[in-house]
Amino acid sequence: MSVTPEMAVALGDRFSRELPEMAVRWQAETPPDPQLLVLNETLAEELGLDAEWLRTPDGVRFLAGNRVPDGAVPVAQAYAGHQFGGYQPRLGDGRALLLGELVDGHGRVRDIHLKGSGPTPFARGGDGLAAVGPMLREYIVSEAMHALGVPTTRSLAVVATGRPVQREALLPGALLVRVAGSHLRVGSFQYAASTGDIGLLRRLADHAIARHHPGAAQAERPYLALFEAVVAVQASLMARWMLIGFIHGVMNTDNMTISGETIDYGPCAFMEAYDPETVFSSIDFWGRYAFGNQPAVAGWNLARFAETLLPLLSDDGEEAVALAEEAFGVFRVRYDAVWLSGMRAKLGLPAGVADEVVRSLVDELLVLLQENGVDYTSFFRQLGQVARGTATSEGGFDDWMSRWRALGPNAESMDRVNPVYIPRNHRVEEALAAATAGDLDPVERLLQAVSAPYEERAGLERYASPAPEDFGPYQTFCGT
């Protein structure tokens with residue numbers, strides 16, 4: 001008997017088997033008219049999925065969660081979280097569903113997860129649905145982040161549902177098929193800890209260690225090693241966000257992964273004119289998640305993670321706190337190392353230039369960028385041309401430029417880390433508006449640009465330019 005692509009899809013249910021207290025078996029709603037809008041064929045290949053089959057009616061039904069492979073157990077995951085600083089004891093997948101786990105071509109376990117597949121018991125009165133625009137935003141930005149080398153969840157597909165969604169206006173509905181190392185979050189640990197069941201908390205920690213940080217299992221104190229590992233990957237992630245001007249927009253504890261991947265691209269955006277106080281999210285009234293606050297907020301979230309682990313660190317409460325506080329020192333060390341290394345690369349400076357010199361140059365440069373309202377991404381890309389001598393510096397930067405050029409920057413290495421193309425906010429909005437009206441061409445062209453961000457190509461010049469002045473103050477929305 002020949003094996004069909006459908007039969008070859010095998011989804012595991014390890015999360016629900018090992019942590020049944022944190023999983024509610026559920027089924028995705030059946031959309032009235034599912035239509036594939038965009039498919040990530042490269043990612044499908046990595047996952048061992050047949051892209052040609054995924055484009056068939058049966059394949060689209062699989063992507064929509066309505067053709068579940070034998071043995072798969074779709075579940076809505078439970079988690080808690082601090083949202084804008086306020087604790088919510090029961091959040092969970094209100095409009096999302098974990099279809100299951102599969103092993104990709106590199107031997108890595110990956111979650112196949114739906115977003116916008118209908119309400120679950122965690123919906124808290126929401127409709128459980130999603131619109132075309134926000135789902136395509138996550139697809140575009142997450143794939144851009146991947147191309148920029150930032151750890152991130154990935155997007156496999158966006159499927160139009162044929163069901164209108166009521167927001168401020170009636171919008172065409174869609175769901176996203178998301179791929180992740182896992183969907184374990186700080187909020188997952190907050191939920192487990194809130195039950196008072198130390199056995200559940202320990203099983204969750206063991207699951208996280210096996211899934212993401214196996215080296216911790218060999219440590220003298222495995223759960224302390226888990227904390228240190230999560231602190232390190234999150235510190236690295238924050239530095240990478242800051243290096244490219246990315247603003248997540250809603251850094252709640254339920255949006256911080258144990259794997260160190262960026263997750264939940266809701267009101268996210270890229271900063272243009274450099275300003276640490278930049279905020280785009282319409283619901284961030286006090287600037288809690290402003291660009292410059294992101295490392296500090298990550299530290300705050302990790303402190304909440306540490307609180308959940310205290311019973312596993314020591315039977316002595318004071319010792320547990322002391323161990324966690326000492327381990328947290330990894331954050332500043334790791335953040336500074338990744339940040340400084342990244343800035344050294346962006347400036348093209350050789351290893352022989354002392355760290356103190358690089359740090360001083362960067363501090364001075366960021367002040368100049370802010371004072372002059374300079375576009376962050378364009379500045380660093382054009383700096384490569386200054387290093388080549390094919391462009392000149394702008395007024396106000398002459399003294400800084402002369403000292404920087406005297407250090408012998410390497411223009412070619414700069415071009416490998418300073419992107420030409422990012423998902424510019426005005427281009428994202430342009431593409432999403434067109435897609436909402438039924439035209440996917442602008443989405444495809446934008447994806448073409450941001451999927452190879454360092455390679456300057458003729459015909460894509462419009463994707464390298466900052467927004468015009470008449471684009472006005474920009475706001476983003478969470479999509480719910």
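Strand β7 is largely enclosed by the rest of the structure, because six of its seven residues are buried. The model is a predicted one, and β7, residues 109–115, is a convenient place to enter it.

On one side of the pairing scheme stands strand β6, residues 96–103, which runs antiparallel to β7 and is joined to β7 by seven bridges. Within this pair, G100 stands opposite I112 of β7. The two strands form a hairpin with five residues between them. In that hairpin G107 takes a positive phi near 80 degrees.

Strand β7 also pairs with β9, residues 170–180, again antiparallel, through five bridges. Here K115 has L176 of β9 as its bridge partner.

From β9 the pairing can be followed to β8. These two strands are antiparallel and share nine bridges, and a hairpin of three residues joins β8 to β9. One of the bridge pairs is formed by P164 and P172, the latter in β9. Strand β8, residues 154–166, pairs in turn with β2, residues 35–39, in the antiparallel sense over four bridges. In that pairing L39 stands opposite A157 of β8.

The loop that follows β7 leads to α6, residues 132–147, and holds R124. What is unusual about the backbone of R124? The residue has a positive phi of about 50 degrees although it is not a glycine. Most residues other than glycine have a negative phi. Is R124 buried or exposed? Exposed residues have over 50% relative accessible area, and R124 counts as exposed because its relative accessibility is 57%.

A second residue with such a backbone is D264, which lies in the loop between β10 (246–247) and β11 (269–270). D264 has a positive phi of about 60 degrees and is not a glycine either. Its surroundings can be set beside those of R124. The cut-off for buried is under 20% relative accessible area, so D264, at 13%, is buried. R124, at 57%, is exposed.

The loop between β10 and β11 also contains E261. This glutamate is buried yet has no salt bridge. Which side chain of opposite charge is nearest to E261? That side chain is R110, 5.5 Å away, whereas a salt bridge requires the charged atoms to be within 4 Å. What does the side chain of E261 reach instead? It reaches the backbone nitrogen of G181 at 2.9 Å. Leaving aside residues up to four places away in sequence, E261 touches P151, T152, T153, A180, G181, S182 and L237.

The nonpolar interior comes last. In soluble globular proteins, nonpolar side chains tend to be buried together. The largest nonpolar core in this model has 126 residues, of which L156, F189, L369 and W404 touch the most other members. Which helix supplies the largest share of this core? Helix α9, residues 222–244, does, with 15 residues.

L369 shows what the contacts of one such member look like. Not counting residues up to four places away in sequence, L369 touches Y274, V374, Y376, F379, F380 and F397. A second core, separate from the largest one, has 24 residues, including V158, Y421, L447 and L460.

Key. Residues numbered from 1 in each chain as written. Predicted model: local features only at pLDDT ≥ 70, side-chain atom pairs only at ≥ 80, totals over all residues. Heavy atoms only, no water. Core = buried A, V, L, I, M, F, W, Y, C linked by side-chain atoms within 4.5 Å. Buried < 20%, exposed > 50% of the residue type's maximum accessible area, 1.4 Å probe, protein only. Contact = heavy atoms within 4.5 Å. Pairing = 2+ DSSP bridges. Lys, Arg positive; Asp, Glu negative; His and termini not counted. Polar contact = N/O pair within 3.5 Å; in protein donor to acceptor, adjacent residues only side chain to side chain.
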